[in-house]
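Visitor: I keep meeting labels like "oblique" and "salt bridge". Could you show me how they are earned?

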Amino acid sequence: MIRAALVALLLASAPAWALTPGGGSPTTDCLAEFGGTPANVPTKNPKEIRCIDNDPTCDDDPDLGVCGFRLSVCLNVGDPRFPACTAADLEDYTVENEQPDTNPLHDFDLQGLEDQIAFSTLPVESTQQNVCSNEVGVSVYLPIRIRTGSAVWRRGKKQVRSTLSGPGGAVDEDRMKLTCMPAEDTTACDGVTSTFDQLQKHVFTPTSCSRSTCHNVRQDPHDMSLSPGEAYENLVGVVPANPVASAAGKLRVDPGNVANSFIVQKLRGLLAPGEGVRMPFGLKHLKELDIRVLEEWIAAGAPETGFVSATGCQP
Amino acid sequence: MVVWNEENVAHLLSRAGFGGNDKDVSKYLRYGQSVAVDRLVDVKGSPSKGPGKADFDKDDLSSLRAWWIKRMVKASTRRVQEKMCLYWHDHFATGVDVVKNNLWMSKQNATFRLYGLGSFRTLCIEITRDAAMLDFLDGRISTATKPNENYGREFMELFALGVSDLNGVDNYTQSDVEEVTRAFTGFEVVSDVGTFNPARFDGGNKTFFATKPHQAGPANFGVVDTAQVPLATNNAIDAIFAHRDSDGELTMPRFLAKKFWEYFAYPAPTKALLDELTPDFIAGGFIIADLLRAVFMHDEFYSTAAKTQSVKNPCEFAVHAIRALGASTNAKGLPDYFEEMGMSLFEPPGVNGWAQGKSWLSSGQFLARVEFAQALAAGRSSELKLTPKKVIDSRLTSAAAVTDQLLGRLGIASHVPADARQALIDYFGGATNFNDSTVLEKKVRGAIVLMLALPEFQIH
Amino acid sequence: MATTRREFLQRSAAAAAALVAPHPIMQAMMGGVANAMGPADAIFVLVQLEGGNDGLNTVAPIDGPQRSIYETKRPNLKIPAVNLLNIGADPVTGDDLGLHPSMSALKALYDLGHVAVVNGVGYPGQSGSHFRSEDIWLGGISSSQNFSSGWFGRYLDVDQPGALVSFDCDNTLSPLFFGDDSNVLAFKRLSDFALPDDPLYPDLPAKKATLQDAYDAEATDTSGLQMTVGVSGQALLSKLDDYQAVSTSWSSNLNGIAGNLAARLKQVASIIRHDYTLASPNPTGARFFHVRLGGFDTHTKQGALAGRQADLLFQVSQALSAFYGDMVALGVGSKVLTMTFSEFGRRVSENGGPATAGTDHGAASPLFVVGDPVVGGVFGRLPALDTAQLENGRNLQWHTDFRSVYATVIQRWLNADPVPILGGAFPMQGFLT
């Protein structure tokens, strides 16, 4: 907490060249510039923050497999790089690629960034220069590729596309790329304590099942949170909310009985009329090996602890 | 019989569509009343469907809105169709802010376009299994084991019967709501289509309107799903349509006739008037065009009351202005103006639809109309384009003549009081040369704003 | 044409009745409304916190059994007891409660007795949807009713039909004000309230003069709806002048406070200053205000002592306190009541780990009522936090129906009968007497 406050303080007086202008016309590019973790790629005129997982200079998140970037937005920056850019009255800020919160691709971090600027920082008048928002955390997860007997990280990316505008017609459109790279000598199996833990960390959490709106926010009529600590009790031995599936006697996860486990059918898209749509909804289908870990885990009785699948992480 | 004159034709075109220009008026004047009304209402349903993707993207929604507004601006022989689309959108009000799916809203809009003048029974069946409506009023989560009364209740209250009849007697009880709800169970949305699923349907017998003399049950009522196997021998919608009020008359035709009359003519019609509107509608098996024809053929529809007691909704106001002035638009910027005027299409404030009448003219929304009028009058781009030389006869040499011509185009010449007309004439500051570009650009465009802000153009 | 006008009026029975109803103060004297105490020109400011404010970190338990459950369920988001700003004991459980540490400005007002904290406000059948729950709060309806009009719109219909006494500080009118005969201005900035002009051929003075003459003619020479529109056109033009005379350049306490809420409350304060202090010959007449602040939907990275919610609560506290200070400085402290609300609170248990924790949509939450007329203190109760007593095992159970809060404001501040407006009787709360 103290660290975050310090960073914010430092930033308020940071020289303009530590900020990332984000692109656009030189007459408006100073209206909004990204602060927080400075962009470092390419060296000249950087537009991207590249961070190696768990590098303390850019990753604020203690967990492996995710980079916690910190972003702020500074407004009406007195930036010597843009002598033709003059401060303006500013009022609205939108993160264009945030997606509405019913979309499975909705990103709560980008929503947080937008809210922080739009509601807690704006409006700003042309007489106010170098106004910086507090920093907002934006997490970028490393995608995981499961292999037989192991799992490896791959590079994770996220983009921020934003528009700042003012009542007098001022507009500054900016882009920033956030790239998280796996640390050397780490694998996606580090810290995985069981096959179920692997499913939680590699499947439920990253496919945005629990990070996004799908199985997290209360969604009537069904209610199946897959968040850590809730997923197991919501899956194993639980009757599905879908009336067709429940009438057929299926369970979400039927320990020892893959064929009667509705979750597998939902993920593979083997659905009878009335059983709804393939999961994950609105996203890419899961990879074969991910589903195989799930099936092997179910076949082994769906235990909460212990390694029971030859696919993916091993003890 | 009414005198078939320009004023009455203009009134018909204003209510049955979104207003007409001189050419329209003279065309429908030539037809005579009966042919004119027939040509307007006898339109075969159109399958046209707008854009809209299966999510809630704002730009996508804006294109859908612009697409529809453009149709209203362009509609010619199909003007009643677009007007009825708007009417049914208000009648079966469904909000994209709840449904959060532009595709479903676009499909519902297409359903109104296709069935909006045909059989009311078909329209009700289609709406009952419409994806957007199934979501909006919880039909998709209403199952045999967990019935949800939202749709059943609103169907009777807002769509078909009303809480009470014209004598103030309740039309149904809570038990009727529960029974109707059971008959409406069984629907879900599969691949963006409302679909009947027998496993969700309550197949038990239901008793409708048991306290009424014309008791309709018990029977295994449901809703016939024309695309699939009939699920019950008795259609619940037919049972509701067979409901009779405390006068022993069919309730639905009177209810719908009242809604139509209030939308197209004036508030609070008498019972006797309503009963003059319904015979053809009943005899023909509830064909919507028959009811509409009865409204437009009725002498009372051309009364002063019918011409002065309703406030144009923002759609009617803006589209009428564009059409009457021969302006062109790509409609892209119009959804924003509509929102400021209080009418975000596909986003009515609630299941009741938009409040009609004077609430359209609350101060902020009235000023938004003036802002739209200014944007239209000053339109010099593809978003809105108005050419002053085409609006007036530039050979005219007096401000009075130009004022009268403009008021005439807007269809309000005979209603504007003399002192207001004089104020408009004075606005031209003695200009006599209407070929002069400053006069055209400044005063003619300026006068158009002022005329669109007159009370007479807000009402019809 | 006389018939026309009568029929028009009959369209809204409530509005028509109100036209002949006695003034509210008279009603009170006639016994129509018990205990009425608001001044005849009472000012009411409603502050909407959009997105669902996490009430449990706004007013948190400091000690007692609730505290340990709170710490268990919120390992990352809990506010340390030592940092909470103690506002005294919960009237039901007796355990101490504290405001979020970023709300020191509001706490100072609380200590002076000008803030009521109403805990555990909600309604049965919480939907968990932003939109639906906003409809319920703005409509003043039960969760089984569909929205058709706003609770404040219905108040205006009954008490101020057609009168231009309300200002919504936003570009589109909130459903809060929807009614049969409510007449409300909606502008984000006062400067937006102006007649438009053609940028290429400006001609505003002539246009305005012509409109004035035309509306005068319409108002006197016509009848029915034509006349009604003419009269409201006249009123609009005169209001335009009144609002344009409002100055926002003055030494408000809100100057220099960052964020949206302060900017909007500044406009409200400027209007009140214009009407009440400057003895302006052209008052706007606005007494009812609605302002919104978004950003409370903190599903992720909500923060505890610092972070997104702390920033928002800091803003709310600073802005409400500065606004109160303005009102006192302007000499209208006794006329102004400010109330906050949010469409729901958030879950008791946090989601996510140390770096990401946030909270999901919940149910009951506290609201604040601020002003000199307020009876300061803690009202309602902090709902029980143990799982067995939570709604669906996850959400705070409501104890005070939000309509009971509205009813108290309507009856004891706005001097009207809440029963027809809210469609039923709800018990009075003690924050007003």
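Guide: Let's go through a few labels one by one, bearing in mind that this is a predicted model.

Visitor: Why is α4(B) called oblique to α5(B)?

Guide: The axes of helix α4 (residues 58-74) and helix α5 (residues 79-91) of chain B cross at roughly 135°. Angles over 145 count as roughly antiparallel, and 65 to 115 as roughly perpendicular. The crossing falls in neither range, so α4(B) is oblique to α5(B).

Visitor: What makes the contact between these two helices?

Guide: On α4(B) you'll find B:Trp68, B:Arg71 and B:Met72, and on α5(B) there are B:Glu82, B:Cys85, B:Leu86 and B:His89. Sorted by class, that's four nonpolar, one polar and two charged residues.

Visitor: Now the chains. Why is the pair C:Asp198 and B:Arg380 called a salt bridge?

Guide: The closest N and O atoms of C:Asp198 and B:Arg380 are 2.8 Å apart. The rule asks for a side-chain nitrogen of Lys or Arg within 4 Å of a carboxyl oxygen of Asp or Glu, so this pair qualifies. The count between chain C and chain B is two salt bridges.

Visitor: Which helix of chain C gives the most to the side that touches chain B?

Guide: That's α9(C), with 10 residues. By class, this side of chain C has 27 nonpolar, 13 polar and 13 charged residues.

Visitor: How much area is buried between chain C and chain B?

Guide: About 4300 Å², and carbon and sulfur atoms give 64% of that. In terms of residues, 53 of chain C are in contact with 53 of chain B.

Note on methods: Residues numbered from 1 in each chain as written. Chains lettered and ligands numbered in written order. Predicted model: local features only at pLDDT ≥ 70, side-chain atom pairs only at ≥ 80, totals over all residues. Heavy atoms only, no water. Axes fitted to C-alpha atoms, helices over the stretch in contact; angles between N-to-C directions. Helix = DSSP H or I, 4+ residues; strand = E, 2+ residues; numbered from the N terminus. Contact = heavy atoms within 4.5 Å. Nonpolar A, V, L, I, M, F, W, Y, C, P; charged D, E, K, R; others polar. Buried area = accessible area lost by both parts, 1.4 Å probe.
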